[in-house]
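Here's a walk through a single chain, written for someone who will want to click on residues while reading. Have the viewer open, and let's see what the fold looks like.

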Amino acid sequence: RFGRVALVGRPNVGKSTLLNAILGTKLSIVTPKPQTTRHRILGVETRDDAQIVFIDTPGLHQGGKRALNRQLNRVARQVPEEADLLVHVIDGVRWREEDEAVWQLVSKQPAPCLLVVNKVDKLADKKALLPFAAEVTRERGYAAVHFLAARRGDGVPALLDEIVALL
Ligand code: GDP
Ligand code: MG
């Protein structure tokens with residue numbers, strides 16, 4: 001199997017961390033400050049059963065008044081159209097306005113989209129996870145929901161298996 005997978009989501013949710021966890025390298029730039037990733041970064045994961053090209057994005061920024069934001073938005077908007085599969089990363093079980101904006105964009109794409117709820121290690125109450133997953137899948141057309149702690153690598157192998165299965 002071969003496919004292009006785009007990681008999308010608002011800044012600071014852990015897209016670059018996830019890409020690094022998948023690839024096992026420090027290829028992408030990870031930082032607590034948003035807007036560090038200014039270009040699309042490609043990483044290739046080769047397994048016995050698949051070759052996957054990953055596209056990391058700078059994220060979508062609200063506003064867009066400043067030139068940098070406009071540039072970031074332009075890059076981010078190009079990505080889904082050239083991907084075979086989208087992975088929408090969010091931070092915890094809070095669905096923000098910016099997450100909705102990303103969903104509005106990805107839901108217009110023909111490619112299927114997985115939802116990744118990242119940073120579950122920060123959640124004190126894990127009981128919120130399943131109702132949240134049920135709600136987002138009922139209200140929006142994600143192919144599946146995965147819970148991850150990308151910084152620790154938790155949930156990454158299962159996500160990778162699902163990505164390969166969907167390509
Ligand atoms: P991006 O802007 O979406 O690419 O986000 P980054 O990958 O640069 O990560 C933003 C911040 O979130 C960094 O400080 C990461 O260390 C942190 N982060 C990423 N994944 C996790 C996680 O699973 N758990 C926690 N607690 N922090 C994370
Ligand atoms: Mg990044």
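What follows goes from the overall layout to the core, then to the helices and strands, and ends with a few loop residues.

**Overall layout**

Keep in mind that this is a predicted model. The average pLDDT of the chain is 84, and 78% of the residues score at least 70. On the global side, the scores are ipTM 0.99 and pTM 0.88. Confidence varies along the chain: of its elements, strand β5 (residues 113-118) has the highest mean pLDDT, 96, while helix α2 (residues 67-78) has the lowest, 69.

The chain holds six strands and five helices, and reading from the N terminus the order is β-α-β-β-α-β-α-β-α-β-α. Out of 167 residues, 36% count as buried. If you look at contacts with a sequence separation of 6 or more, 67% of them link residues 24 or more positions apart.

**The nonpolar core**

Which residues have the most contacts inside the largest nonpolar core? They are Val 5, Leu 7, Leu 18, Val 87 and Val 117, in a core of 35 residues. Elements giving two or more residues to this core are β1 (2-8), α1 (15-23), β3 (51-56), β4 (85-91), α3 (97-106), β5, β6 (144-147) and α5 (156-166). The top contributor is β4, with five residues. That goes with a general pattern: nonpolar side chains tend to be buried together in soluble globular proteins.

Val 117 is a handy place to zoom in. Leaving out residues up to four places away in sequence, Val 117 touches Ile 90, Gly 92, Val 93, Val 145, Phe 147 and Leu 148. One of these, Ile 90, is also the bridge partner of Val 117 in β5.

**Strands around β4**

Strand β4 is mostly covered, with six of its seven residues buried. It pairs in parallel with β1 through four bridges, and there Val 8 stands opposite His 88 of β4. Strand β4 also runs parallel to β5, this time with six bridges. To get from β4 to β5 the chain passes through α3, and this β-α-β crossover is right-handed.

**Two helices, α1 and α3**

How much of α1 is buried? Eight of its nine residues are, so to speak, under cover. The buried set is Lys 15, Ser 16, Thr 17, Leu 18, Leu 19, Asn 20, Ala 21 and Ile 22. After α1 comes Gly 24, with a positive phi near 70 degrees.

Helix α3 has a clear inside and outside. Its buried residues are Asp 99, Val 102, Trp 103 and Val 106. These sit on the same side of α3 because they cover an arc of only 100 degrees around the axis. The cover over them includes β1, β4 and β5. Turn to the other side of α3 and you find Glu 97, Glu 100 and Gln 104 exposed.

**Loop residues to click on**

Most residues other than glycine have a negative phi. Two loop residues here go the other way. Asn 12, not a glycine, has a positive phi of about 75 degrees, and Lys 119, also not a glycine, has a positive phi of about 60 degrees. Asn 12 is found between β1 and α1, whereas Lys 119 is in the loop between β5 and α4.

Here is how four loop residues come out by burial:

| Residue | Other C-beta atoms within 10 Å | State |
|---|---|---|
| Asn 12 | 16 | partly exposed |
| Ala 50 | 16 | partly exposed |
| Lys 119 | 21 | buried |
| Ala 124 | 6 | exposed |

Why is Lys 119 counted as buried? Because it has 21 other C-beta atoms within 10 Å, and the cut-off for buried is 20 or more. Ala 124 lies in the loop between β5 and α4 (129-139), and it counts as exposed because just 6 other C-beta atoms fall within 10 Å. Its C-alpha is 17 Å from that of Trp 95, which is 29 residues away in sequence.

Ala 50 belongs to the loop between β2 (41-46) and β3. Setting aside neighbours within four places in sequence, Ala 50 is in contact with Arg 1, Phe 2, Val 164 and Leu 167. The C-alpha atoms of Ala 50 and Ala 165 are separated by 9.5 Å, with these positions 115 residues apart along the chain.

Note on methods. Residues are numbered from 1 along each chain as its sequence is written. Chains are lettered from A and ligands numbered from 1 in the order in which they are written. This is a predicted model: local features need pLDDT of at least 70, side-chain atom pairs count only at pLDDT 80 or more; totals for chains, interfaces and linings use all residues. A residue is buried if 20 or more other C-beta atoms lie within 10 Å of its own, exposed if 12 or fewer, and partly exposed in between; C-beta atoms are placed from the backbone. Two residues are in contact if their C-beta atoms, placed from the backbone, lie within 7 Å. pLDDT is the predictor's confidence in each residue, from 0 to 100. A nonpolar core is a set of buried Ala, Val, Leu, Ile, Met, Phe, Trp, Tyr and Cys residues joined through C-beta atoms within 7 Å. Two strands pair if DSSP finds at least two bridges between them. A crossover is right-handed if, with the strands pointing away from the viewer, the path from the first strand over the helix to the second runs clockwise. The arc is that of the directions from the helix axis to the C-beta atoms.
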